[in-house]
Amino acid sequence: MKFFIDTASIDSIKEAKDFGILDGVTTNPSLMAKEGITGDENVKAHYAKICDIVDGDVSAEVISTDFEGIIKEGKALAQIAPNIVVKVPMIKDGVKAIRWFTDNGIRTNCTLVFSAGQAILAAKAGATYLSPFIGRVDDTNWDGISLIAEIAEVYAIQGYDTEILAASIRNSRHIVQSAKAGADIVTCPLSAIMGLLKHPLTDIGLAKFLADHKKANS
Ligand code: G3P
């Protein structure tokens, strides 16, 4: 399973790369706004900066919701760097645009996915990645991980190539559960990845090893 980081923060991206586990980056308009990146040209320049740091794929989301607008924006985003993937919302014109991008050699990430039915539509349109939002499903008292498992089952039965990119990951446990449920990729804040390091017995065990070594060598 690949690890993408869900952020527009250059510092977080650099830290994840330095840690040695970074396979790609996803962003969305909220994450860009959080970093204070506004205006078309600044947004494009920021994506270029991210693509310079990251070897893997970088998802850049369109703002348009009509077919022509999505195509225009997506084409411009795809020109920024070869590792840009155009992120398109799961709406009627979005699915139509994903089909167009697929037919024209532009890779896509279908976002805001909350059901297996939507996942089938995105795969039929040829989406490269599919982003089901685990945390937001959990927020509604449904089960985000079951959604990943259902999509993984359908995709395996049907032999779809679209990769399942589990998004809206809120904690380290979600990462483990996504791996078990068949996600191809998780995208999450760096904190959720760093949380995978934690176990009290590791800390206790290391402290004991170091103390025993010190005693024996003093
Ligand atoms: O990038 C989409 C997704 O990861 C958003 O996560 O935490 O805002 O639901 P969240």
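**Notebook: strands, ligand shell and a few odd residues**

**Entry 1. Strand 3.** I began with strand 3 and found both of its faces covered. Asp57, Ser59 and Glu61 are buried on one side. Val58 and Ala60 are buried on the other. I noted that the model is a predicted one. Strand 3 runs over residues 57-61, and 5 of the 5 are buried, so the strand is largely enclosed by the rest of the structure.

Next I looked up the neighbours in the sheet pairing. Strand 2, residues 24-26, pairs with strand 3 in the parallel sense, over 3 bridges. In that pairing I found Val25 opposite Val58. Strand 4, residues 84-89, also pairs with strand 3 in the parallel sense, here over 4 bridges. There Glu61 stands opposite Lys87. I then followed the chain from strand 3 to strand 4. It passes through helix 4, residues 67-78, and this β-α-β crossover is right-handed.

**Entry 2. The whole chain.** I stepped back for the overall numbers. The chain holds 11 helices and 8 strands. It has 218 residues, and 46% of them are buried. I also took the box filled by the C-alpha atoms. Along the principal axes it comes to roughly 75 × 40 × 30 Å.

**Entry 3. The ligand.** Which residues surround the ligand? I listed Asp6, Asn28, Lys87, Phe133, Arg136, Ala167, Ser168 and Arg170. By class, the shell splits into 4 charged, 2 polar and 2 nonpolar residues. Lys87 I had already met, opposite Glu61 in the strand pairing.

I then checked distances to ligand oxygen atoms. For Asp6, a polar side-chain atom lies 2.5 Å from one. For Asn28, the distance from a polar side-chain atom is 3.0 Å. For Lys87, a side-chain N or O atom is 3.3 Å from a ligand oxygen. On its own the ligand has 310 Å² of accessible area, and the protein covers 82% of that.

**Entry 4. Ser168.** I went back to Ser168, one of the residues around the ligand. It sits in the loop between strand 7 and helix 9. Its phi is positive, about 55 degrees, although the residue is not a glycine. Is Ser168 buried or exposed? Its relative accessibility is 12%, so it counts as buried.

**Entry 5. Strand 8.** I turned to strand 8, residues 185-188. Both of its faces are covered. Ile185 and Thr187 are buried on one side, Val186 and Cys188 on the other. Strand 1, residues 2-6, pairs with strand 8 in the parallel sense over 4 bridges. Lys2 has Ile185 as its bridge partner there. Asp6, from the ligand shell, falls within the residue range of strand 1.

Strand 7, residues 163-166, pairs with strand 8 in the parallel sense too, over 2 bridges. Here Ala166 has Val186 as its bridge partner. I traced the connection as well. Strand 7, helix 9 (residues 172-181) and strand 8 form a right-handed β-α-β unit.

**Entry 6. Thr162.** I checked the loop between helix 8 (144-158) and strand 7, where Thr162 lies. Thr162 counts as buried because its relative accessibility is 6%. What does the side chain of Thr162 reach? I found the backbone oxygen of Ala127, at 2.7 Å.

**Entry 7. Leu112.** I looked up a second positive phi. Leu112 has a value of about 65 degrees, and it is not a glycine. Leu112 belongs to strand 5, residues 108-113. Its relative accessible area is 33%, so I logged Leu112 as partly exposed.

**Entry 8. Leu201.** My last stop was helix 11, residues 200-216, which holds Leu201. Why does Leu201 count as exposed? Its relative accessibility is 59%, and the cut-off for exposed is over 50%. I also took its separation from Asn171. The two are 30 residues apart in sequence. C-alpha to C-alpha, they are 20 Å apart in space.

How values were computed. Residues numbered from 1 in each chain as written. Predicted model: local features only at pLDDT ≥ 70, side-chain atom pairs only at ≥ 80, totals over all residues. Heavy atoms only, no water. Near = heavy atom within 4 Å. Polar contact = N/O pair within 3.5 Å; in protein donor to acceptor, adjacent residues only side chain to side chain. Areas by Shrake-Rupley, 256 points an atom, 1.4 Å probe, with all protein chains shown as cover. Nonpolar A, V, L, I, M, F, W, Y, C, P; charged D, E, K, R; others polar. Buried < 20%, exposed > 50% of the residue type's maximum accessible area, 1.4 Å probe, protein only. Pairing = 2+ DSSP bridges. Right-handed = clockwise from strand over helix to strand, strands pointing away.
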